[in-house]
Amino acid sequence: MDRNSPVPLYFQLAQQLEKAIETGGLTPGSLLGNEIELAGRLGLSRPTVRQAIQSLVDKGLLVRRRGIGTQVVHSQVRRPLALTSLYDDLAAAGQRPATRVLRNDIEPAGPRVAAALGIAEDAEVAVVERLRLTHGEPMARLTNYLPAGLLELKTAELEESGLYQLLRRAGITLHSARQAVGARAATAAEATELAEAPGGPLLTMERTAFDDTGRAVEFGSHIYRASRYTFEFQLLDRS
């Protein structure tokens, strides 16, 4: 702790704890001990420690459990807005991704899906609905549509790998994507699936991915837990 810094001590402590959680120094399930112990060990006041812990509770990185103490949950996933799959991003972050396939079927394309993929309405599309988990905790619900016949999607493979990995294995080169990010409240059904409170905040993302010939090969409509997820943007000055 730098006591000569203009940065408040509680914020310095919160940053150090957050870094330890993100790098694995503090693993999910770890107990921090009570505020009095922490304050004594760090040479800080109890209100300073309490404020630092509360800021991480508000971020969803720590949770106070009655009879147990303050416990580390899972670090928030920061996903760059790039042409990558959620599965690959979670694996790269050491988050141990897992997938539960909720649906793997063929259906006629509705107007929205047809427009996104540039196909005729009622043309057949493969539809895949999945629940993505990390450390056994639900993180996102993913719905993807692909032109029928593009590749064979086996449920076992979808549970073991990311969709973009399967596309690349099939010789499809992903080149670009059009994407929109938003937010809304969770429905009762979504809240149950994602372990959130009904009406809780969700991040939304819609993406149409194109191959190197300009053909639309996938349209995704996904929802993410805002308490566990952020999207990162890189902004460039073009003035």
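In this predicted model, Gly43 has a positive phi of about 70° and is placed just after helix α2. The helix itself spans residues 35-42, and its buried residues are Glu35, Leu38 and Ala39. These three residues lie on the same side of α2, because they cover an arc of only 100° around the axis. The spacing agrees with a general property of the fold: an α-helix has 3.6 residues a turn, so residues three or four places apart point the same way. Ile36, Gly40 and Arg41 are exposed on the other side of α2. The cover over the buried residues of α2 includes α3 (46-58) and β1 (62-65).

**Aromatic pairs**

How many aromatic pairs does a search of the whole structure find? The search finds two. The rings of Tyr10 and Phe11 form an edge-to-face pair, because their planes stand at 80° with the centres 6.3 Å apart. The rings of Tyr145 and Phe219 are stacked, because their planes stand at 20°, with the centres 6.1 Å apart. Tyr145 belongs to strand β6 (residues 137-147) and Phe219 to strand β9 (residues 216-225), so this pair ties together parts that are 74 residues apart in sequence.

The accessibility of the four aromatic residues is listed below.

| Residue | Relative accessibility | Class |
|---|---|---|
| Tyr10 | 25% | partly exposed |
| Phe11 | 38% | partly exposed |
| Tyr145 | 13% | buried |
| Phe219 | 4% | buried |

Thus Tyr145 is buried at 13% and Phe219 at 4%, whereas Tyr10 is partly exposed at 25% and Phe11 at 38%.

**The setting of Arg130**

Arg130 is located in strand β5, which covers residues 124-134. Which side chain of opposite charge is nearest to Arg130? That side chain is Glu218, 6.4 Å away. A salt bridge requires a side-chain nitrogen of Lys or Arg within 4 Å of a carboxyl oxygen of Asp or Glu. Arg130 has no salt bridge, although Arg130 is buried.

A polar contact is nevertheless present: the side chain of Arg130 meets the side chain of Asn144 at 2.7 Å. Asn144 also appears among the residues that Arg130 touches, when residues up to four places away in sequence are not counted. The other residues in that set are Thr99, Arg100, Val101, Leu102, Ala140, Arg141, Leu142 and Leu163.

Note on methods
Residues numbered from 1 in each chain as written. Heavy atoms only, no water. Helix = DSSP H or I, 4+ residues; strand = E, 2+ residues; numbered from the N terminus. Buried < 20%, exposed > 50% of the residue type's maximum accessible area, 1.4 Å probe, protein only. Lys, Arg positive; Asp, Glu negative; His and termini not counted. Polar contact = N/O pair within 3.5 Å; in protein donor to acceptor, adjacent residues only side chain to side chain. Contact = heavy atoms within 4.5 Å. Phe/Tyr/Trp six-rings, centres within 6.5 Å; stacked < 30°, edge-to-face > 60°. Arc of directions from axis to C-beta.
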